[in-house]
Structure formats: C-alpha cells, structure tokens
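Subject: Structure handover

Hello,

Here is the structure for you to look over. My notes on it follow below.

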Amino acid sequence: MFEKLEITRMAQALMSHAGGRLALAAQNVAHADTAGYRARDLPDFADTWRDGMAMAATRPGHFGHDRADSLRPRTLSLPADPNGNSVSLEAEMIRASDARQAHDMAMAVYRSTSAVTRAALGRGGQ
C-alpha cells in the first residue's frame, strides 16, 4: 500500500541513491593510494529522478534510455596526483556526509508518511 504513494517511492529511491553514493565514497577511500585510480560518484539524485526514476517502464526501452544507465557511477573530473590518483580524502568525507544526510532525510520522510497514513486509517498507535 505504501509503495503506491509517490512521496514514499521517492523517499525509497533517495535512500537507495544515498546508499550507492556512500558505497562509492568508501570504495574511493579504499583506493586512495592506488596508482591511476580515478574517483567515482553517482549523478545527483535530482537528475536521476527527473531522467526517469519517477516513471516505471513497462517494457525494456520504453522511455528510449536505460534507467540503470542514470545510476551508473561516473568518473569524476578531478585533478590527479603525479601517480594518476584523483581521490581526495577530504572530498570523500564531505561526499559521505552528504549521502548520510540525504539518507536520514529520506528516512524521516518515509516515517512521517507512514505515520500519517496509519493515522488516516485509524491505526495511529499500532
């Protein structure tokens, strides 16, 4: 029932996106000393949502582009060290913090939506 609400679907998508960004930040930090490694990140959530996350394709190629393509990690264009590594630990800490904040916000929206729906159904205390 909750999955049919647009705001709930958006909150779930934001939680998933934030988790993916956090995983990439952790991967970038793990490769901070790997020669030639280029830092990666996901596109902004607003761009991925606007590019088709809000619509459900009923068959492959329905919208003319692959939804999964908008969730593929992108290599960031950052200056690299002499060994070719572009990971900045400070930037990754900020990226991880932003991802955590987005996840927490999505969880708050999801909880509020669930509470409002339960109250509307007369099940506020359960």
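Please keep in mind that this is a predicted model. I begin with the contacts: of those in the protein chain between residues at least 6 apart in sequence, 73% join residues at least 24 apart.

Overall layout

The protein chain contains 3 helices and 2 strands, and along the sequence they follow the pattern α-β-α-β-α. It has 126 residues, of which 28% count as buried. Its accessible surface is about 8,100 Å², and carbon and sulfur atoms account for 57% of that.

Helix α3

Helix α3 covers residues 89-120. Its 32 residues reach 46 Å from the first C-alpha to the last, which is close to the 46 Å expected at 1.5 Å a residue. After α3 comes Gly-122, with a positive phi near 80°.

The buried residues of α3 are Glu-92, Arg-95, Ala-99, Ala-102, Ala-106, Thr-113, Ser-114 and Thr-117. You will see charged and hydroxyl side chains in that list as well as alanines, including Glu-92, Arg-95 and Ser-114. What covers the buried residues of this helix includes α1 (6-30) and β1 (40-41).

Thr-113 is one residue of α3 to look at in detail. Why does Thr-113 count as buried? Its relative accessibility is 12%, and the cut-off for buried is under 20%. Leaving aside residues up to four places away in sequence, Thr-113 touches Leu-5, Ile-7 and Thr-8.

Nonpolar cores

The largest nonpolar core is made up of 9 residues: Ala-11, Ala-13, Leu-14, Met-15, Ala-18, Phe-45, Trp-49, Ala-102 and Ala-106. At least two residues of this core come from each of α1, α2 (45-53) and α3. Which helix gives the largest share? That is α1, with 5 residues.

Ala-18, a member of this core, touches Ala-99, Ala-102 and His-103, again not counting residues up to four places away in sequence. Of these, Ala-102 belongs to the core too, and both Ala-99 and Ala-102 are on the list of buried residues in α3. Apart from this core lies another, of 5 residues, among them Tyr-37, Ala-39, Leu-76 and Val-87.

The loop between β2 and α3

Two residues from this loop are worth a look in the viewer. Leu-78 lies in the loop between β2 (74-75) and α3, and Pro-79 lies there too.

Is Leu-78 buried or partly exposed? Leu-78 counts as partly exposed because its relative accessibility is 30%, and that class runs between the 20% limit for buried and the 50% limit for exposed. Pro-79 is exposed, with a relative accessible area of 72%, which is over the 50% cut-off.

Leu-78 touches Arg-38, Ala-39 and Ser-86, not counting residues up to four places away in sequence. One of these, Ala-39, is also in the core of 5 residues. Leu-78 and Arg-40 are 38 residues apart in sequence, and their C-alpha atoms are 9.9 Å apart in space.

With the same exclusion of residues up to four places away, Pro-79 touches Asn-85 and Ser-86. Ser-86 is thus listed as a contact of Leu-78 and of Pro-79. Pro-79 and Arg-38 are 41 residues apart along the chain, with 9.5 Å between their C-alpha atoms.

Regards

Terms used: Residues are numbered from 1 along each chain as its sequence is written. This is a predicted model: local features need pLDDT of at least 70, side-chain atom pairs count only at pLDDT 80 or more; totals for chains, interfaces and linings use all residues. Side-chain values use heavy atoms; hydrogens and water are left out. Helices (H or I, at least four residues) and strands (E, at least two) are DSSP runs, numbered from the N terminus. Buried means under 20% relative accessible area, exposed over 50%, partly exposed in between (1.4 Å probe, protein chains only). Contact means heavy atoms within 4.5 Å. Accessible areas come from the Shrake-Rupley method with a 1.4 Å probe; for residues, only the protein chains shown count as cover. The expected span of a helix is 1.5 Å times one less than its number of residues. A nonpolar core is a set of buried Ala, Val, Leu, Ile, Met, Phe, Trp, Tyr and Cys residues joined through side-chain atoms within 4.5 Å.
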